[in-house]
Amino acid sequence: MLDAYAEAKHNYLLGGHRLSAVEGGRFCEAAYRILEQMTKGRHTPIGEQLDTEKTARALESLSANDFPKAVRIYLPRALRVVYDIRNSRDIAHLADGIDPNLQDATLVTAVLDWVIAEFVRLSKRVDADSAQRLVTDLVTRKYPAVQMFGDRPKVLRADLRASDTVLVLLYHRGATPTTVSELATWVAGSMQKNLRRTLRALDDKALVHLEDNKVLITRTGEQVVESRRLLEVKST
């Protein structure tokens, strides 16, 4: 499921909208099996045809005393939408001449985000605060303009000015605060000298929150990153 999720998001962010919908179907097949395993202790074997309608009916018939509504109703119905887009809707073409790929892929990736976050919430394997941070990070849009090298993220766009580079890095970081010293190791050497000045300027504009040597991107900062498409890789 996680492999399909990562591939769907990657395709979406690179403009492969039709492929995102296809990966969404693979994601759903895995997610349905997880729901089977959660509720029955067994699942339809990989490689064997999965009857999603039968699975959804079985989940809906489960006792409310034994399983939450998310397992019985919400998750199966959300998965059904994605599965039907992959199987029943012509992702490549509609007779009205309007390309549905982008709108379909946008819906698919949003549903996938929600499903993953819901599985995290239901797992109860971590404390509430850790689960909330993980959910927030899962639904944060990651773009290929940031690549990880070990524990160090690197912005792959040399055309960005220092303030934009900082916003990209903090966006990628998500809901986890970053220390100024750690951030200094992520930016280019030419940006390190004036990094604190850059952060203060961003804080003054409410694009980041700077406090006690820790910095976190704000919702306004996230909107700037997304609206200006700062995380997209520029072709050379």
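A contact, in what follows, means heavy atoms within 4.5 Å. With that definition, take the contacts in this protein between residues at least 6 apart in sequence: 58% of them join residues at least 24 apart.

This is a predicted model. The average pLDDT of the protein is 84, and 85% of the residues score at least 70. One stretch to set aside is residues 90-96, where pLDDT stays under 50. For that stretch the model has twelve contacts beyond four places in sequence. Where pLDDT is low, the predicted coordinates should not be read in detail, and I will leave that part there.

Now the overall make-up. The protein has 236 residues, of which 41% count as buried. It contains eleven helices and five strands.

I will start with a pair of helices. Two packed helices are described by the angle between their axes and the distance between the axes. Here the pair is α7, residues 162-173, and α10, residues 195-204. Their axes come within 10 Å and cross at roughly 75°. That crossing makes α7 roughly perpendicular to α10. Which residues of the two helices meet? On the α7 side they are Ala162, Ser163, Val166 and Leu167. On the α10 side they are Leu195, Thr198, Leu199 and Leu202. Sorted by class, this contact has six nonpolar residues, two polar ones and no charged ones.

Staying in α7, look at Asp164, which lies in that helix. Is Asp164 buried or exposed? Its relative accessible area is 5%, and the cut-off for buried is under 20%, so Asp164 is buried. If we leave aside neighbours within four places in sequence, Asp164 is in contact with Arg228 and Leu230.

Between those two partners in numbering is Arg229, in the segment after α11, which covers 219-227. Most residues other than glycine have a negative phi. Arg229 has a positive one, near 55°. At 49% relative accessibility, Arg229 counts as partly exposed.

A second residue with a positive phi is Asn213, at about 65°, although Asn213 is not a glycine. Where is Asn213 placed? The answer is the loop between β4, residues 208-211, and β5, residues 214-217. Asn213 is partly exposed, with a relative accessible area of 35%.

The last region is helix α5, residues 101-123. I have two threonines to show there. Thr109 lies in α5 and counts as buried, at 5% relative accessibility. Thr106 is also found in α5, but Thr106 is partly exposed, with a relative accessible area of 33%. The two are linked in the model: a polar atom of the Thr109 side chain lies 3.1 Å from the backbone oxygen of Thr106.

What does Thr109 touch, not counting residues up to four places away in sequence? The list is Ala8, Lys9 and Tyr12. Tyr12 also comes up with Thr106: the C-alpha atoms of Thr106 and Tyr12 are separated by 7.7 Å. Along the chain, those two residues are 94 residues apart.

To go back over the main points: α7 and α10 cross at roughly 75°, with no charged residues in their contact. Asp164 in α7 is buried and is in contact with Arg228 and Leu230. In α5, Thr109 is buried and touches residues including Tyr12. Arg229 and Asn213 have a positive phi without being glycine. That is what I have.

Note on methods:
Residues are numbered from 1 along each chain as its sequence is written. This is a predicted model: local features need pLDDT of at least 70, side-chain atom pairs count only at pLDDT 80 or more; totals for chains, interfaces and linings use all residues. Side-chain values use heavy atoms; hydrogens and water are left out. pLDDT is the predictor's confidence in each residue, from 0 to 100. Axes are lines fitted to C-alpha atoms, for helices over the stretch in contact, and angles run from 0 to 180 degrees between N-to-C directions. Helices (H or I, at least four residues) and strands (E, at least two) are DSSP runs, numbered from the N terminus. Angles under 35 degrees count as roughly parallel, over 145 as roughly antiparallel, 65 to 115 as roughly perpendicular and the rest as oblique. Ala, Val, Leu, Ile, Met, Phe, Trp, Tyr, Cys and Pro count as nonpolar, Asp, Glu, Lys and Arg as charged, and the others, Gly among them, as polar. Buried means under 20% relative accessible area, exposed over 50%, partly exposed in between (1.4 Å probe, protein chains only). A polar contact is a pair of N or O atoms within 3.5 Å; within protein, one must be able to donate a hydrogen and the other to accept it, and residues adjacent in sequence count only if both atoms are side-chain atoms.
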